[in-house]
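Biologist: Could you take a close look at the nonpolar patch on the surface of this model, and then walk me outward from there through the side-chain contacts?

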Amino acid sequence: MSGRWWLCALLWGALSGVARAEDVPSVDGGVEEAAPPTPEPVVESRLPVDEPPALQTVVTGSRTQERLRETPVATEVITRSEIVASGARDASELLSTRPGLVVQQGFAGAGLSVQGLAPEYVLVLVDGERVTGKVDGNIDLSRLSLEDIEQVEIVKGPSSVLYGSDAVAGVVNFITRRAQRTLGADLRAAYGTLHRLDLDATGETRGDAWGLRVSAGLQRHSAYDLDVSDIGTTGSSLNGYDVSARGDWRGQGAMSLEGTASFSHRIQRGVDLGAAGAVFDRASRDNSFASRLSPSWRLGDAATLRTDVSYGHFERRYLRDQRNASALDTVEDTRDQQARVGAQVDARPGGGHALVAGTEYLGEWLRSDRLEGGSGRRGRGSVYAQDSWTLAEKPGLVLVPGGRLDVDSQFGLAATPRVALKVDPRSWLTVRGSYGWGYRAPSFQDLLIDFENPSVGYTVRGNPDLKPERSRSFSVNVEARATGDTTVWAGAFQHSLRDMIAASLQSEGDFLRYSYINIARARVRGGELGVRQSLPGRIQVELGYTLTDGTDQELDRELEGQARHRLTAQATWRHRQWGLEANVRGALTGERPFYPDTNGDGVADSYRASPTVSLDARVAWLMPAGGLQLFVVGSNLTNAGNPTDLPIPPRTLQAGVSTRF
């Protein structure tokens, strides 16, 4: 009991300190009904066991609840127990060793590449809502903490049929946790290398017809430098916290209600080197707020209507303070807002049909010192429909036609049809395939950016005449469950893109000018192969291989930064009687091509980055008395990374304790 009170005191002290922490960098000058109460589940401090895949429920592939094994659109799931066992502290760490996914670290944070396509072609959702706050076209995954995530659903391939713009390469949906216990709380604290401190707390309560869950987290760590020959830093320090809440209510009649709200605050600091030896202290402050309210009604035994109202707000203040001078000091403010209203009907009219039909309106507003005119706004109205039509029960033959029509206030009409097919030739074999269209509307940055960096010597200008990018994609996936202990899967995919938005370089005296134009065409194709095997000694192993062949057809060269070969591996061991569990995961990434212009002559100085090996591990022990779990996490144990093309944090170790009340 004393250990628990010590942990409470530590958490309270840290969270109290946040209220006094520095707030602003100083500047010189799916249709889902509310679930009824369920028995208390086994959770991370008690070495959980996941539901069998046949019972797991997903929502992302069709925007409605369905069993994972029955979904006609291939969906990968990372469960809560896998999240905890991995030791990952944010979404970027969790997804970094998944097959077919690559986390790209850079100035804008950690972006996610799927099947060889860049982060701007991947849609990131939380509870089905778009995450607000792109920086340089990317959603920074390190902003998404994991203390309140129940599972992650990954759908690879074209998903614009249901989600519209940006879902060209796929969708990643983070599902938050729902209250399940009458009254309960969880606490976690960890400290380690780079003075990294992570504190998490969650509390929940549930009545007969309602539930409420709240969570809070604090994160702090120092900056790091992969090049000790200069004063600059590769990665920034972090001082941040986040709070969130999720509630649900079920009325005695046909109505139910669900709502979520979250807020996060992050301050990052580092040191940059400019031209002619200039040194800049950089700092950024990010505030993010997201909210969602979803009432739904049962329209009889075969139909449900759900409406959604959501609002997201992201604001950033970024500054660069030149040491011993002020001529090149800069302060930039950005405010990104997004609102969505939608309605969806989920119906089973009979005859083997499961129909999803909906309409939505998305509004976007951006104010930024980097935009010409200082602001941009647009709206997009949409209608969509998809029918899962079971043609034959016995072989599990399901045909899924669907289509979506978007009307953009800037770009007019965009149609994105898709057809998918699932068949179970044998009870142990499932084959899925899909073909669909996708599109990506140019971002406000592509259209309106007006930015000058005199310390380096370049300018960036947007192009308001850009057209949306279009894609045609197909995928085939085969899953074989040879035995209860063995699952093998294989897949192939291809994305063909046209009117791709590419940077165009021009010289203007001593300055270089970058702009954006629709010239590029690209084709990305490849395949995946994997196996999940349970071994004697309570060991489960998962191996994956991804082949990616990406070509810029305009320049007749490989896509920059994309490795052709990638191997991933994960092994988990649990011994319940001893209270022990261990997880090791890693990735071998092949050579990656890069085409920098190092001397500013407009000609690429290409090179190939060497293969890299990353390795993460976590070991945990549940103490027999007191219910405390002790754990140790090691990240990037191979110390991979460099400041040029792989600016990831160096090897870190962290030890901590968690408990449940």
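Modeller: Sure, let's start right at the patch. Val419, Tyr435, Trp437, Phe474, Val476 and Val478 make up a nonpolar patch on the surface, and together they have about 470 Å² of accessible area. Two elements give two or more residues each to this patch: strand E23 (429-440) and strand E26 (469-483). The biggest giver is E26, with three residues. One residue to click on is Val478, which is found in strand E26. Val478 counts as partly exposed, since its relative accessibility is 32%. Keep in mind that this is a predicted model.

Trp437 is worth a second look, since this patch member also has a charged partner. Arg472 lies over the face of Trp437, at 3.7 Å from the ring centre. There's another contact of this kind elsewhere: Arg378 lies over the face of Phe444, and here the distance to the ring centre is 4.8 Å.

To put the patch in context, zoom out for a moment. The protein has five helices and 37 strands. Of its 661 residues, 52% are buried. The protein exposes about 28,800 Å², and carbon and sulfur atoms supply 57% of that.

On to rings that meet other rings. A pair of aromatic rings is described by the distance of the centres and the angle of the planes. The structure holds two aromatic pairs. In one of them, Tyr241 and Phe263 have ring centres 6.3 Å apart and planes at 50°, so this pair is tilted. Tyr241 sits in strand E13 (residues 237-250) and Phe263 in strand E14 (residues 255-273), so the contact ties together parts that are 22 residues apart in sequence. Both partners are in the in-between class: Tyr241 is partly exposed at a relative accessible area of 22%, and Phe263 is partly exposed at 28%.

Phe594 and Tyr607 also form an aromatic pair, and this one is stacked, with 5.5 Å from centre to centre and 20° between the planes. Phe594 belongs to strand E33 (residues 592-594) and Tyr607 to strand E34 (residues 607-609), so here the parts tied together are 13 residues apart in sequence. Phe594 is buried, with a relative accessible area of 14%, whereas Tyr607 is partly exposed at 29%.

Now the charged side chains. A search of the whole structure finds 54 salt bridges, so I'll just pick out a few. Glu150 and Arg177 meet in one of them, at 3.7 Å from N to O. Glu150 lies in strand E8 (residues 149-156), while Arg177 is in the loop between strand E9 (170-176) and strand E10 (183-192), so this salt bridge ties together parts that are 27 residues apart in sequence. The two ends have unlike surroundings: Glu150 is partly exposed, with 32% relative accessibility, but Arg177 is buried, with a relative accessible area of 6%.

Another one joins the side chains of Lys422 and Asp424, at 2.8 Å from N to O. Lys422 counts as buried, at 4% relative accessibility. Then there's Arg574, which forms a salt bridge with Glu581, and their closest N and O atoms are 3.3 Å apart. Glu581 is buried as well, with a relative accessible area of 3%. Some salt bridges share partners, and in that way Arg63, Glu129, Arg306, Asp308, Arg340, Glu360, Arg404 and Asp406 are joined into one network.

Glu129 from that network takes us to a sheet, and so does strand E8, where we met Glu150. Strands of a sheet pair through backbone hydrogen bonds, either parallel or antiparallel. The sheet in question is open and has five strands in the order E3-E8-E9-E6-E7, with mixed pairing. At its edges are strand E3 (76-78) and strand E7 (129-130), each of which pairs on one side only. Strand E6 (residues 122-126) and E7 run antiparallel and are joined by two bridges. Within that pairing, Val126 stands opposite Glu129 in E7. That residue in the edge strand E7 is thus a good place to stop: Glu129 faces Val126 and also belongs to the salt-bridge network with Arg63 and the others.

Terms used
Residues are numbered from 1 along each chain as its sequence is written. This is a predicted model: local features need pLDDT of at least 70, side-chain atom pairs count only at pLDDT 80 or more; totals for chains, interfaces and linings use all residues. Side-chain values use heavy atoms; hydrogens and water are left out. A salt bridge is a side-chain nitrogen of Lys or Arg within 4 Å of a carboxyl oxygen of Asp or Glu. Helices (H or I, at least four residues) and strands (E, at least two) are DSSP runs, numbered from the N terminus. Buried means under 20% relative accessible area, exposed over 50%, partly exposed in between (1.4 Å probe, protein chains only). Patches are made of residues with over 30% relative accessible area and no salt bridge: like charges are joined within 9 Å, nonpolar side chains (Val, Leu, Ile, Met, Phe, Trp, Tyr) within 5 Å. Accessible areas come from the Shrake-Rupley method with a 1.4 Å probe; for residues, only the protein chains shown count as cover. Rings of Phe, Tyr and Trp (its six-membered ring) pair if their centres lie within 6.5 Å; planes under 30 degrees apart count as stacked, over 60 as edge-to-face and the rest as tilted. A charge sits over a ring if NZ of Lys or CZ of Arg is within 6 Å of the ring centre and within 35 degrees of the ring normal. Two strands pair if DSSP finds at least two bridges between them.
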